[in-house]
Amino acid sequence: MIQNFTIQWDNIKGGRYHTMITSAFSHKNLRHIVSNMITLYSFGKSIGQRVGPEFLLALYLVGAFGGSVSYLVHRASLATSSNGASGAVNAILMLYILLYPMKTLLVEVMIPVPALLAGIYVIFKDIQRVKV
């Protein structure tokens with residue numbers, strides 16, 4: 001599992017580049033996978049209907065790769081970041097926000113705000129978690 005489905009410097013140094021994508025299917029714990037799957041279903045359904053399932057899959061995989069690159073860069077600078085799985089789901093969420101900026105989303109599970117403001121909130125919340 002660690003050698004084939006997680007993103008780590010050792011895997012990249014060992015030539016296991018496929019982990020930059022397979023990490024999108026690896027989760028830390030049950031809460032992580034449930035959270036990602038709820039988000040993917042909630043936002044991916046609308047995006048899939050609007051742009052098609054092939055584009056949705058491509059976006060998910062590009063998001064996985066981008067999340068992995070981000071994770072590796074942050075690990076190299078001793079900061080923390082999202083892994084490939086969260087990066088893939090975040091790509092879906094961000095496209096949803098761009099396509100439907102005025103749709104109401106619940107921030108912190110209870111505060112209704114327009115999607116654009118929810119996206120800004122999530123970005124700033126993530127920035128505050130990264131220690132410089």
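Me: Before we get to Thr22, what counts as a helix here?
Reply: A helix is a DSSP run of H or I with at least four residues, numbered from the N terminus. Keep in mind that this is a predicted model.

Me: OK. Which helix holds Thr22?
Reply: Thr22 sits in helix H3, which covers residues 19-22.

Me: Buried or exposed?
Reply: Thr22 is buried, because its relative accessible area is 16% and the cut-off for buried is under 20%.

Me: What does Thr22 touch, leaving out residues up to four places away in sequence?
Reply: Asn4 and Phe5. With Asn4 there is a polar pair: the backbone oxygen of Asn4 is 2.6 Å from a polar atom of the Thr22 side chain.

Me: Zoom out. How many helices and strands are in the chain?
Reply: The chain has 7 helices and 2 strands. In sequence order the pattern runs α-α-α-α-α-α-β-β-α.

Me: And how much of the chain is buried?
Reply: 36% of the 132 residues. The accessible surface is about 8,500 Å², with 68% of that on carbon and sulfur atoms.

Me: Now H4. What span should it have, and what are the end C-alpha atoms doing?
Reply: H4 takes in residues 30-51, so 22 residues at 1.5 Å each should span 32 Å. The end C-alpha atoms are 30 Å apart, which agrees.

Me: Where does H4 bend?
Reply: At Gly44, by about 35°. Gly44 is also one of the buried residues of H4, along with others including Phe43 and Ile47.

Me: What happens at the ends of H4?
Reply: Asn29 caps the N-terminal end, with a side-chain oxygen 3.2 Å from the backbone nitrogen of Arg31. Just after H4, Gly52 has a positive phi of about 100°.

Me: Next topic, the core. How many residues are in the largest nonpolar one?
Reply: It has 21 residues. Among those with the most contacts inside it are Phe43, Ile47 and Tyr60. H4, H5, H6, E1 and H7 are the elements that each give two or more residues to this core.

Me: Which element gives the largest share?
Reply: H6, with 8 residues.

Me: Back to Phe43. What does it touch, beyond residues up to four places away in sequence?
Reply: Ile92, Leu93, Tyr96 and Leu105. There is also a second, separate core of 5 residues, including Ile7, Ile12, Tyr71 and Leu72.

Me: Why would such side chains group at all?
Reply: In soluble globular proteins, nonpolar side chains tend to be buried together.

Technical notes: Residues are numbered from 1 along each chain as its sequence is written. This is a predicted model: local features need pLDDT of at least 70, side-chain atom pairs count only at pLDDT 80 or more; totals for chains, interfaces and linings use all residues. Side-chain values use heavy atoms; hydrogens and water are left out. Buried means under 20% relative accessible area, exposed over 50%, partly exposed in between (1.4 Å probe, protein chains only). A polar contact is a pair of N or O atoms within 3.5 Å; within protein, one must be able to donate a hydrogen and the other to accept it, and residues adjacent in sequence count only if both atoms are side-chain atoms. Contact means heavy atoms within 4.5 Å. The expected span of a helix is 1.5 Å times one less than its number of residues. The bend at a residue is the angle between axes fitted to the seven residues ending there and the seven starting there. Accessible areas come from the Shrake-Rupley method with a 1.4 Å probe; for residues, only the protein chains shown count as cover. A nonpolar core is a set of buried Ala, Val, Leu, Ile, Met, Phe, Trp, Tyr and Cys residues joined through side-chain atoms within 4.5 Å.
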